[in-house]
Amino acid sequence: MAASSLLRSLSRLSRRGCGGGAWPTSPFRHRGLLPYSPFSTAAADAVERGFAGLGPTAKGEKARVVVLGTGWAGARLMKDLDTTGYEVVCVSPRNHMVFTPLLASTCVGTLEFRSVAEPLARIQPAVSKSPGSYFLLARCTAVDPDAHTIDCETVTEGEKDALKPWKFKVAYDKLVFACGAEASTFGIRGVTDHAIFLREVHHAQEIRRKLLLNLMLSDVPGISEEEKRRLLHCVVVGGGPTGVEFSGELSDFIIRDVKQRYSHVKDYIHVTLIEANEILSSFDVRLRQYATNQLIKSGVRLVRGIVKDVQSNKLILDNGEEVPYGLLVWSTGVGASSFVKSLPFPKSPGGRIGVDEWLRVPSVRDVFAIGDCSGFLESTGKDVLPALAQVAERQGKYLARLLNHIMKAGGGHANCEINVDLGPAFVYKHLGSMATVGRYKALVDLRQSKESRGISLAGFVSWFIWRSAYLTRVISWRNRLYVAINWLTTLLFGRDISRI
């Protein structure tokens, strides 16, 4: 009973108001690394189990912004945050941002993997230089909005003799969810076990290793004709920009490199693109037809159908057709992750974290959400924005400006922004879409919506615009140089087909 009274007292002492608060005195106070303070009775058990964490910021210290994720939204947010007034703590399973529009090019050796990966320390140097800013290789597992803390667990899978995951807590003044989405499988059996997604660098590495392995295995004496055709059949499910661009890159790789360097099997390798409706449905009709004609000309077989089942060496369509494959790439869009669905916040249509016009989570204080994990609540009267890089990047840019404004108005610490004028709400204006279809051809659709009119281009000029636009959008000059050199090397000497 006495212990329970003590815990209640400690809980009251540890709750913070505007201006921050402090955990019990510790020799690590100046470093910000403290044992977890008991915000509740349950937290006392955490202390006994040896939880560690980052404690609340105290008066006179910079406010802490905790960002979950290093995607387009989170990276742009951290890049633009004013670190003279904020400490930045990023919690993510990866320490880099992936330039996803060029990810398909890495699968076939047009670009090297490091060309599309931008280290977080280059995007926001404070995480490696500032005493109170950190990058934490971990996942957020739970949120306590009342205590202004998150529960985290270190990421160690994929390593030999990996350490047991370490659990810890981080206190925040402002919390930003930018944890993205996960690939949609629509509950189809076997997709997760047998298909490869194309969202991360390790996915591209797996695709490249699998593709080159199948090419080499198919050259082994004694292999049957049927097995050779299966090994060299690359199937792409999903006719959106990612699926179309990968199909185009793959067909270009086959035409320009495989037929020269694997002449024994050049007549066996082929690509099939499966889409339930029309490819590139968000593009202008004329551009969709151009893309269809160009892919067919490149040797890509287009199949309209719905996948019902995926097995280790074949998939089954809704009409009963069996499609054997050696490589299966799944690119059917994204949806809310299981972590996002588990959060105790109101959800927008589609299960994303619901936000208001200023990208705040309205049911709690000091919590924001941007990128693919967020969507406008129905009460705002706004449509949920598409899961696009340009949406995420502009939300990150807007929220950084908003948080900087709040900090300068004296509302940077927890529970302090009540009387701050937030300024104009977030407004998204679509700048257009681009996609390459291989063989120095691309599509550029500059319409603001499917119903509006605008400039639509296709062909070599569009391909030049596509490459120029993405080269300028690559974040650092280092990676721009990498990309330019890789493109030049591929043009002069062909793609690298080493299986490393």
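## Ile465 and the nonpolar patch

In this predicted model, Ile465 lies in helix 14 and is partly exposed, its relative accessible area being 32%. Ile465 also belongs to a nonpolar surface patch of about 1200 Å², to which Tyr440, Leu446, Ile455, Leu457, Phe460, Val461, Phe464, Leu488, Leu491, Leu492 and Phe493 contribute as well. Helix 14, covering residues 460–473, supplies at least two residues of this patch, and so does helix 15, covering residues 477–493.

## Helix 8 and its buried side

Helix 8 runs over residues 201–217, and for its 17 residues a rise of 1.5 Å a residue gives an expected span of 24 Å, which agrees with the 24 Å between its end C-alpha atoms. The buried residues of this helix are Val201, His203, Ala204, Ile207, Arg208, Leu211, Leu212, Asn214 and Leu215. These buried residues lie on the same side of helix 8, because they cover an arc of only 165° around the axis. In general, an α-helix has 3.6 residues a turn, so residues three or four places apart point the same way.

## Cysteines without disulfides

A search of the whole structure finds zero disulfides, a term that here requires two cysteine sulfur atoms within 2.5 Å. For Cys140, which is in no disulfide, the nearest cysteine sulfur is that of Cys152, 5.2 Å away; Cys140 counts as buried because its relative accessibility is 11%, the cut-off being under 20%.

Cys373 is likewise in no disulfide, and its nearest cysteine sulfur, belonging to Cys179, is 4.1 Å away. With a relative accessibility of 2%, Cys373 also counts as buried.

Methods: Residues are numbered from 1 along each chain as its sequence is written. This is a predicted model: local features need pLDDT of at least 70, side-chain atom pairs count only at pLDDT 80 or more; totals for chains, interfaces and linings use all residues. Side-chain values use heavy atoms; hydrogens and water are left out. Patches are made of residues with over 30% relative accessible area and no salt bridge: like charges are joined within 9 Å, nonpolar side chains (Val, Leu, Ile, Met, Phe, Trp, Tyr) within 5 Å. Accessible areas come from the Shrake-Rupley method with a 1.4 Å probe; for residues, only the protein chains shown count as cover. A salt bridge is a side-chain nitrogen of Lys or Arg within 4 Å of a carboxyl oxygen of Asp or Glu. Helices (H or I, at least four residues) and strands (E, at least two) are DSSP runs, numbered from the N terminus. Buried means under 20% relative accessible area, exposed over 50%, partly exposed in between (1.4 Å probe, protein chains only). The expected span of a helix is 1.5 Å times one less than its number of residues. The arc is that of the directions from the helix axis to the C-beta atoms.
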